[in-house]
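Me: Hi! I've got a structure open and would like to chat through a few parts of it. Could you help me out?

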Amino acid sequence: MNSRRDFLQKLGLSALALQLAPLSGWAAGADNVEPPYDGPLLRVAILGLGGYGTMVAEAMRKCTKAKLVGVVSGTPSKVKAWQSKYGIPEKNCYNYENFDNIKNNPDIDAVYVITPNGLHHDFVIRTAAAGKHAICEKPMAVNAQEGQAMVDACKKANVKLLVGYRMHFEPKTLEVIRMRQSGEFGKIRFFQGQCGFTIGDPTQWRLNKKLAGGGSMMDIGIYAINGARYMTGEEPIWVTAQETKTDPVKFKEGVDETIQFQFGFPSGAVASCLSTYNMNNLDRFFLDGEKGFAEMQPSTGYGPIRGRTHLGELNLPVTTHQTVQMDEMSEIIFNNKKPVVPVNGEEAVKDLKIIDAIYLAVKTGKKVEVSL
């Protein structure tokens, strides 16, 4: 694996084709067919045309409430290629220097920022200043202070700030949340989240402190953090954490290789999680309650999510996460729809506060109190 983006692009685009077939078949066989959508269409420009940007663009081909209409990139050849592939007009194409001119383009409603983490803050603030709604990949920023500044800027500009929490719309994930809310697991006692893969190319931006904001924690550990919150339905009140680094050459100062971290919740429930760039086959959530359990593996990957509970396998439609996400975000922006789990900037700041606390716990070796 050269990089996570290379890996995910190959995995995700192939998984996309696999997912769309069963989804379309399921929809066609439904007794009640929804009428064609005739509401407002969210017109989106993607900023950052790398592997994940490509995955989002491909998924948006199947959207009914959102459409890719613009691009922003520092690489002219990518802009030309996307123009041809997605039929994007010249007037909707920007580079990083003239991006602010997007404020004069009435044909773009929102900008989806899909750049290295360290660039999210500036581009979201520029998006807000241009009067466009901002969608940002996670982690929304490299720390909570930057994240809050992004929230404040979007509020001041009276635009929405949404974050790419695709799992918040995934059917099996939502079913586990529903079961927990209805009391089917009883009192929640424990959550475990394991997220990891072996990273390749040591020169990639994910191993650059300035661009990534950290290491595995910022990239994939955030899934376990966010998952712990929506699976338990609680916010952590303390964290402890320990870092293991076996390759200080690849994982330089400020770039974490492996972190184990623990949460405590107000109810007395606890969580034990792991984030790593040095182990494969880690994509698992486990929730344990007094009356039952839920296990998801894969729990956050781009391919089909698999899950089971004490009642048996979770059999729900397979969806293309980014397609559903973008259609749902259209509803949130235009109709103020309230998702089961928030995907707004405030939600992202909570994750960033927890990440800040984890890094502090690693540095000090002490339990760190958390207030969200």
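**A walk through strands and helices**

Reply: Happy to! L42 has its place in strand β1 (residues 42-47); strands here are DSSP runs of E with at least two residues, helices are runs of H or I with at least four, and both are numbered from the N terminus. This is a predicted model, in which local features need pLDDT of at least 70, side-chain atom pairs count only at pLDDT 80 or more, and totals for chains, interfaces and linings use all residues. Residues are numbered from 1 along each chain as its sequence is written, and side-chain values use heavy atoms, with hydrogens and water left out.

Me: Thanks! Is L42 buried or exposed?

Reply: L42 counts as buried because its relative accessibility is 0%. Buried means under 20% relative accessible area, exposed over 50%, and partly exposed in between (1.4 Å probe, protein chains only).

Me: And what is L42 in contact with?

Reply: Leaving aside neighbours within four places in sequence, L42 is in contact with K65, A66, K67, D109, A110, I135, M329, S330, I333 and F334. Contact means heavy atoms within 4.5 Å.

Me: I see M329 and S330 in there. Which residues of α9 are buried?

Reply: Those two are, along with H321, Q322, T323, Q325, M326, D327, E328, E331, I332 and I333. With 12 of its 15 residues buried, α9 is largely enclosed by the rest of the structure.

Me: How far apart are the end C-alpha atoms of α9?

Reply: They are 21 Å apart, which agrees with the span that 15 residues should have at 1.5 Å a residue. The expected span is 1.5 Å times one less than the number of residues. Just after α9, N336 takes a positive phi of about 55°.

Me: Cool. How do the axes of α2 and α9 cross?

Reply: The axes of α2 and α9 (residues 321-335) come within 8 Å and cross at roughly 70°. Axes are lines fitted to C-alpha atoms, for helices over the stretch in contact, with angles from 0 to 180 degrees between N-to-C directions. The two helices are therefore roughly perpendicular to each other; angles under 35 degrees count as roughly parallel, over 145 as roughly antiparallel, 65 to 115 as roughly perpendicular and the rest as oblique.

Me: Which residues make that contact?

Reply: From α2 there are Y52, M55, V56, A59 and M60, and from α9 there are Q322, T323 and M326. By class, that gives 6 nonpolar, 2 polar and no charged residues. Ala, Val, Leu, Ile, Met, Phe, Trp, Tyr, Cys and Pro count as nonpolar, Asp, Glu, Lys and Arg as charged, and the others, Gly among them, as polar.

Me: What about α2 and α3, at what angle do they cross?

Reply: The axes of α2 (residues 51-60) and α3 (residues 76-86) come within 12 Å and cross at roughly 15°, which makes α2 roughly parallel to α3. Their contact is made by G53, T54, A57 and E58 of α2 and W82, K85 and Y86 of α3. Those residues divide into 3 nonpolar, 2 polar and 2 charged.

Me: Switching topic: where is Q260 found?

Reply: Q260 is found in strand β9, and counts as partly exposed because its relative accessibility is 37%. Not counting residues up to four places away in sequence, Q260 touches T240, A241, Q242, C273 and L274.

Me: Last one! What do the buried residues of α10 pack against?

Reply: They pack against several elements, including α5 (144-157), α8 (216-232) and β9 (258-264). Among those buried residues are V349, L352, I355 and I358.
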